[in-house]
Amino acid sequence: MIRIIMMGVLASGILYADVVAQSAMKFEEIAEKAGVQFVHSTRKFGDRHKAEVLQMFTDGGAAVAVGDYNADGFDDLFVVDSDEGKPHHLMRNNGDLTFTDVGQELGVSSGNDPLAICADALWFDYNNDGHLDLLIGRFGTPILYRNNGPDKEGAYTFSDVSKKSGLTQFGNTIAVIAFDADRDGWLDLMLGNYFKPENLLDLKTPHVLPNNLDYATNGGGVTFWRNVAMENGRRGFKDITDEAGFIHHTGWTLDLGHGDLNNDGWQDVYIAGDYGTDRMFFNKGDGKATFDEVTETAIGFDTRKGMNVDMGDYNRDGWLDIYVTNITDEYMKECNMLWHNNGDGTFIDLSRETGTCDTDWGWAAKFADFDNDGWEDLFAVNGLRSAEKPNYIPVLLEMIITPNVDFSDVNSYPDIGNMTWSGYQKQRMFHNLADGTFKEVGAEALVDTDLDGRGVGIADFDNDGLLDIYQTNANQQTLLFRGTPINSGNWVGLKLIGKVSNRDAVGARVTINTGSDPLIREVNCGNGYAGQSSMRLHFGLGNDKTIESVEIRWPNGKTETLPHSQLGALVNKMSVIIEGKGVIR
């Protein structure tokens, strides 16, 4: 059930009205000043009509991945481009809110080949050597760059190990996550594939689009890759999709999310399906990376256009909830889904009740405590195609209502030309009111741009205790919103390092108690459409200045409680915790 605030008083004794009055969010857009403003380019196709149709269906490649590749304590940015020959940008954080592009220097800027389209990226330490490696998901075969670490002069290099690691299978991948499904200490991979495995840049058939706008079954589904030992001691990946329990999934996957949804210590999976139902899978917990589908009993089946998966405990009841964006425009009045976790293996959609239903044509959305008041807010981006005034939707509807139309045929779709399709939409910032509802404050927070948003990466790029937002936009410039200190509360930042568990502690859960309701965060690796956020954990504390307890459940299932003597030093700083050793700095 939703947490109820009786008589306007929170568990900590603070008046609810005071929390709302004291909490504020304002951001400053600094992408150009910071040196990270880029214009994303969608892949362009040859034949005019097919070009327009396929470009509309493949303009989701504006992605960002946040990670500290050089381990200097400042999160860096990897910004994806999609058009042929266009380079990606690896932006090294200089520590002063400026960045330097080192992508070409380090050899990770390519991948938009004549027969491949880059669509997503992920930082993860696949070989547990302490250096973040980089995976680029493509409409094609993925690229895995191994981080070789610093040389004697301190310079970093990367090596393409895609083939050596076993990642040679073609797929139209648009989403990538990594987590330790079998708790063996190594990160496994899950790839979400949009189209079926047909090369769009060398089409043999025009029948590559969804065969039904609500129940499509001809998508790419997912592939699941177990991290395994290979020859010469190397780590690599083995496709175990069928054995893992995903064999029958043929939906149009648009996003993936992982987290412990039933509090049993094992990572579960949520799949957002465009043109068909979303899917939920619970980890069997048998140590074999196998899953049971629980869609029917947990959330039921839907016909919405699932676009995003992020997880957070918005009502502080100790259970992860799920936020999925859908489409709300003149034609599709779908409403988003905020899946409230009932704690019994079932979920109820409370998006309308919480005030988070409508984000227009939704894309990425992320939970984060932007004002450090102790409650996770939501930032959501939206907008499909902003062009000239004529509206494409009435033209499209004529096709949709035509009898016996073949939706899978690219030739069935009318030309879009310079028409707008669900464009010029304002981005949304939902402030958590601490009573089970949210208030939309995008304009007040100065983040309500009308660009065609796609990905969101959240991190504290300047280590000042306030979260910042990097937003990517399709065929438009990127944005960097710096958090500003307007009535901000106290905070805790944690970087976890696994020893028995995987190195970056992906899947670890931290519970902080301050005397009021507990705060939980899990380390995720890739949740949220087209945007990986920092793997450092951020907790707002509001007015609290003391911590009563910190419990860490590491990815291997073992729990560790920090000694009381270490708790006072955690407030208002970034701390590093090593598994089994506690706080080291």
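**Entry 1: Ser 351**

I started with Ser 351, which is buried, at a relative accessible area of 1%. I kept in mind that this is a predicted model. I found Ser 351 in helix H7, which covers residues 351-354. Setting aside neighbours within four places in sequence, I listed its contacts as Cys 335, Asn 336, Met 337, Leu 338, Thr 356 and Cys 357. I also checked the C-alpha separation from Ala 31: the two residues are 320 places apart along the chain and 32 Å apart in space.

**Entry 2: His 89**

Next I looked up His 89 and found it in strand E4, residues 89-93. Is His 89 buried or exposed? I get a relative accessible area of 14%, and because the cut-off for buried is under 20%, His 89 counts as buried. Beyond four places in sequence, His 89 is in contact with Phe 38, Leu 77, Phe 78, Val 79 and Asp 101. From His 89 to Gln 104 I noted 7.8 Å, C-alpha to C-alpha, with their positions 15 residues apart in sequence.

**Entry 3: helix H3**

I then went through helix H3, residues 48-57, and counted seven of its ten residues as buried, so the helix is largely enclosed by the rest of the structure. The buried ones are His 49, Ala 51, Glu 52, Val 53, Leu 54, Met 56 and Phe 57. I asked myself what covers them. Part of the cover includes helix H8, residues 392-400.

**Entry 4: nonpolar cores**

Which residues of the largest nonpolar core touch the most other members? I got Phe 124 and Leu 496, out of 130 residues in that core. Strand E6, residues 117-124, gives the most to this core, with seven residues. Apart from that core I found another, of 17 residues, which include Met 280, Val 294, Met 337 and Ile 520. Met 337 was already in my notes as a contact of Ser 351.

I wrote out the contacts of Leu 496 too, leaving off residues up to four places away in sequence. They are Arg 503, Asp 504, Ala 505, Ala 508, Val 510, Val 523, Leu 537, Ile 552, Trp 554 and Ile 577.

**Entry 5: aromatic rings**

I moved on to the rings and found 29 aromatic pairs in the structure. One I looked at is Tyr 194 with Phe 195, an edge-to-face pair at 5.3 Å centre to centre and 85 degrees between the planes. Both partners are buried: Tyr 194 has a relative accessible area of 4%, and Phe 195 is at 1%.

I also picked Phe 224 and Phe 291, whose ring centres are 5.9 Å apart. How are their planes set? They lie at 65 degrees, so I noted the pair as edge-to-face, because planes over 60 degrees apart count that way. Phe 224 belongs to strand E12 (residues 222-229) and Phe 291 to strand E17 (residues 291-293), so the pair ties together parts 67 residues apart in sequence. These two are buried as well, Phe 224 at 0% relative accessibility and Phe 291 at 4%.

Ring pairs also join Phe 57, Phe 139, Tyr 194, Phe 195, Trp 252, Tyr 275 and Tyr 413 into a cluster. I recognised Phe 57 as one of the buried residues of H3.

**Entry 6: charges over rings**

I noted two arginines here. The charged end of Arg 235 sits over the ring of Trp 186, at 3.8 Å from its centre. Arg 316 places its charged end over the ring of Trp 375, 4.8 Å from the ring centre.

**Entry 7: cavities and the largest pocket**

Last, I looked for empty space. A search of the whole structure gave me six cavities of 30 Å³ or more. The largest cavity holds about 490 Å³. I counted 31 lining residues for it, with Phe 367, Arg 521, Asn 524, Ser 534 and Arg 536 nearest its centre. Several strands give two or more residues to that lining, among them E14 (252-259), E22 (362-368), E31 (490-497) and E35 (537-542).

For the largest pocket I have about 540 Å³. Of its 22 lining residues, Asp 68, Ala 71, Gly 73, Lys 495 and Arg 585 are closest to the centre. Strand E2 (64-67), E31 and strand E38 (574-578) each supply at least two lining residues. Which of the elements gives the most? I have E31 down for that, with three residues.

Notes: Residues are numbered from 1 along each chain as its sequence is written. This is a predicted model: local features need pLDDT of at least 70, side-chain atom pairs count only at pLDDT 80 or more; totals for chains, interfaces and linings use all residues. Side-chain values use heavy atoms; hydrogens and water are left out. A nonpolar core is a set of buried Ala, Val, Leu, Ile, Met, Phe, Trp, Tyr and Cys residues joined through side-chain atoms within 4.5 Å. Buried means under 20% relative accessible area, exposed over 50%, partly exposed in between (1.4 Å probe, protein chains only). Helices (H or I, at least four residues) and strands (E, at least two) are DSSP runs, numbered from the N terminus. Contact means heavy atoms within 4.5 Å. Rings of Phe, Tyr and Trp (its six-membered ring) pair if their centres lie within 6.5 Å; planes under 30 degrees apart count as stacked, over 60 as edge-to-face and the rest as tilted. A charge sits over a ring if NZ of Lys or CZ of Arg is within 6 Å of the ring centre and within 35 degrees of the ring normal. On a 1 Å grid over the protein atoms alone, a cavity is a set of points where a 1.4 Å probe fits but cannot get out, and a pocket is an open set with protein on both sides within 12 Å along at least five of seven lines; lining residues have an atom within 4 Å of a point. Grid points are joined across faces, edges and corners, and a volume is the space filled by probe spheres set on the points.
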